Amino acid sequence: SKGIPSLVVAAASFDDVVAISGFSMCIGLAVGHGSMVMNALHGPINLIAGFLAGYVGGTIASLTEIWDKRWKRTLIILLQGVIFTFVAKQYHFAGAGALASLIMAVVAAQNWGMGTPSCGGIHLTKGAQEHYAHTVETDLARVWVLLAQPLLFGVIGTALDFRQLAPATIPQAILV
């Protein structure tokens, strides 16, 4: 029962990634540039690249012999998520970046809970530590509330141009 909320969040996030990938593929086919084959393969490439990058990233994040402090585990998850997002966007595979970030977090949490991976008898982790996922989740929630959320809404706010709205629209929107 402990994993149900996390599973629901992961399923909802995965649904978003599938929607983004599907939308990208359809837009690519409708108004794409370049070859029709590459436009058709854009969605599947998003999914495959996202799963692979996320699995590798999650495995790297679960090496608790390296990431032995709470702040290090939080930082590696945060940095890899940002890197996946920006690199994928740079190469026009935004869906892959979002999916890689999601898969990375799931793989890391699973590996932390099971105390894996190990390589040829060499233990690369400090053993099963289920609380690692919860502490990283708490730290990332703080980063979201204190830094990322204000930045996001600040950027959105600066993009709004209220001069484009009819004056009667604002009171009606407030009533809704």
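The following exchange concerns helices, burial and salt bridges in a predicted model.

Residues are numbered from 1 along each chain as its sequence is written. Local features need pLDDT of at least 70 and side-chain atom pairs pLDDT 80 or more, whereas totals for chains, interfaces and linings use all residues, and side-chain values use heavy atoms, with hydrogens and water left out.

Me: What makes the span of helix H4 close to the expected one?
Reply: The expected span is 1.5 Å times one less than the number of residues. H4 (residues 94–114) has 21 residues, which gives 30 Å, and its first and last C-alpha atoms are 31 Å apart. Helices here are DSSP runs of H or I with at least four residues, strands runs of E with at least two, numbered from the N terminus.

Me: Why is the pair Arg-70 and Asp-139 called a salt bridge?
Reply: The term requires a side-chain nitrogen of Lys or Arg within 4 Å of a carboxyl oxygen of Asp or Glu. The closest N and O atoms of Arg-70 and Asp-139 are 2.8 Å apart, so the pair qualifies. Arg-70 lies in helix H3 and Asp-139 in helix H5, so the pair ties together parts 69 residues apart in sequence.

Me: Why does Asp-139 count as buried?
Reply: Buried means under 20% relative accessible area, exposed over 50%, and partly exposed in between (1.4 Å probe, protein chains only). Asp-139 has 12%, and therefore counts as buried. Arg-70, at 37%, is partly exposed.

Me: What makes Arg-163 exposed?
Reply: Its relative accessible area is 75%, and the cut-off is over 50%. Arg-163 forms a salt bridge with Asp-161, with closest N and O atoms 3.0 Å apart.
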